[in-house]
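Reader: I am in my first year and still learning how to read a protein model. Please take one small part of this structure and go through it slowly, explaining each term as you use it.

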Amino acid sequence: MTSLFELAASHPLTGYGWDEGFADSFTPYAAEGLAPGRIIRVDRGRCDLVVPDGDDVRTVHADTALVTTGDPLRIMCTGDWAAVDLAQGFVRALLPRRTAFVRSTSSQRSEGQILAANVDHAVIAVSLAVELDLGRIERFLALAWESGAAPVVVLTKADLVTETAGPEVLGHLVADTEASAPGVPVLAVSATTGEGVDILSAALAGGTSVLLGQSGAGKSTLANALLGEDVQTVQAARDRDGKGRHTTTTRNLLALPGGGVLIDTPGLRGVGLWDAEGGVAQTFSEIESLAARCRFHDCGHEAEPGCAVLEALATGELRQRRLDSYRKLLRENQRIAARTDARLRAEIRRDWKKKQALGREMVARKRGR
């Protein structure tokens, strides 16, 4: 009898990420005569999916009305696996997600926005044509770790640095990024010269990757280099500030020639955290390790005796910029969480009152009262 693993391995959608786990989740839908499909694009109540077609695959259009939901985190998105009624042209159900890249929206409603689903690698594209913003990289990393995907930082347009400043400066930029991304591969890449593209292609082969970054980071150019053809439209960044134009307006899933698939996304101007406490902790793993050695388990790393974080700051082991960024992202994540969690809001108010009382006590002591 053929095993579920063998069936999944020989499936036409294997190249798009289909495996034994998804095959198992799809079992009840197969009994209903539905077909599996992976969503490659979503647009205005409809979506495009790749579905089996004999030993090959084909793209179909389907209506999403039956799976439409008011929950922004449960809405279908590029990368989702679905059960499709090919005869009626409807998506009937979505398979459980393994990972999801989520950011907070820029609205005042404190909603999360899902950018990609079932992703193995989060490729964070950062342009070297403008000043390196380590804080923004750390923000992307926190979201990537929280999503469940493994992040990769790609410093694009590396040829511009080597041509104007030399390889030594490029090496310093890579080293600075590595210091802000512990445990994360950092690659300097030039889509123009091909530098680093083969290394990145090998790293992404066989899985699902999402390409993230600001407009002007060179995502579409990098996507074309990885795909080996000009699939994505490219526009030049503005000379005055290096910012790009939104050449990619939808999230598209594209098959890579070396195996695996790539989800290209529009440029992200705002990258707000969304329930990313674990991702922040992993992004700043060295600070978390230091904090575990503090004398007090609830140390705030402000002025407490026996604080290992402050000691590392004094000796130069930890940079002030890293600590400031860590504190900033923790505060932001806490504010986002508090908007939707009444209990956490109450805890924050109690903690704030304690700090106010402590502050008044310290002032009184200084005045000799």
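An aromatic group around a helix

Author: F26 and Y29 are separated by about one helical turn, because they stand 3 residues apart in helix α2, which covers residues 20–30. A helix here is a DSSP run of H or I with at least four residues, and such runs are numbered from the N terminus. Before going further, please keep in mind that this is a predicted model, in which local features need pLDDT of at least 70 and side-chain atom pairs count only at pLDDT 80 or more, whereas totals for chains, interfaces and linings use all residues. Residues are numbered from 1 along each chain as its sequence is written, and side-chain values use heavy atoms, with hydrogens and water left out.

The structure contains 5 aromatic pairs. One of them joins W18 and F26 in an edge-to-face arrangement, with 6.0 Å from centre to centre and 75 degrees between the planes. Another, between F26 and Y29, is tilted, its centres being 6.1 Å apart and its planes 40 degrees. To form a pair, rings of Phe, Tyr or Trp (for Trp, its six-membered ring) must have their centres within 6.5 Å; planes under 30 degrees apart count as stacked, those over 60 as edge-to-face, and the rest as tilted. F26 therefore takes part in both of the pairs just described, with W18 and with Y29.

How buried or exposed are these residues? W18 and F26 are both buried, and F26 is placed in that class because its relative accessibility is 6%. Y29, by contrast, counts as partly exposed because its value is 22%. The class called buried lies under 20% relative accessible area and exposed lies over 50%, with partly exposed in between, using a 1.4 Å probe and protein chains only. For the wider setting, buried residues make up 44% of the 369 residues in the chain.

The two pairs belong to a wider group, since W18, F22, F26, Y29 and W81 form one aromatic cluster. F22, a member of that cluster, also has a charged partner, for R98 lies over the face of its ring at 3.8 Å from the ring centre. A charge is said to sit over a ring if NZ of Lys or CZ of Arg is within 6 Å of the ring centre and within 35 degrees of the ring normal.

Key: Helix = DSSP H or I, 4+ residues; strand = E, 2+ residues; numbered from the N terminus.
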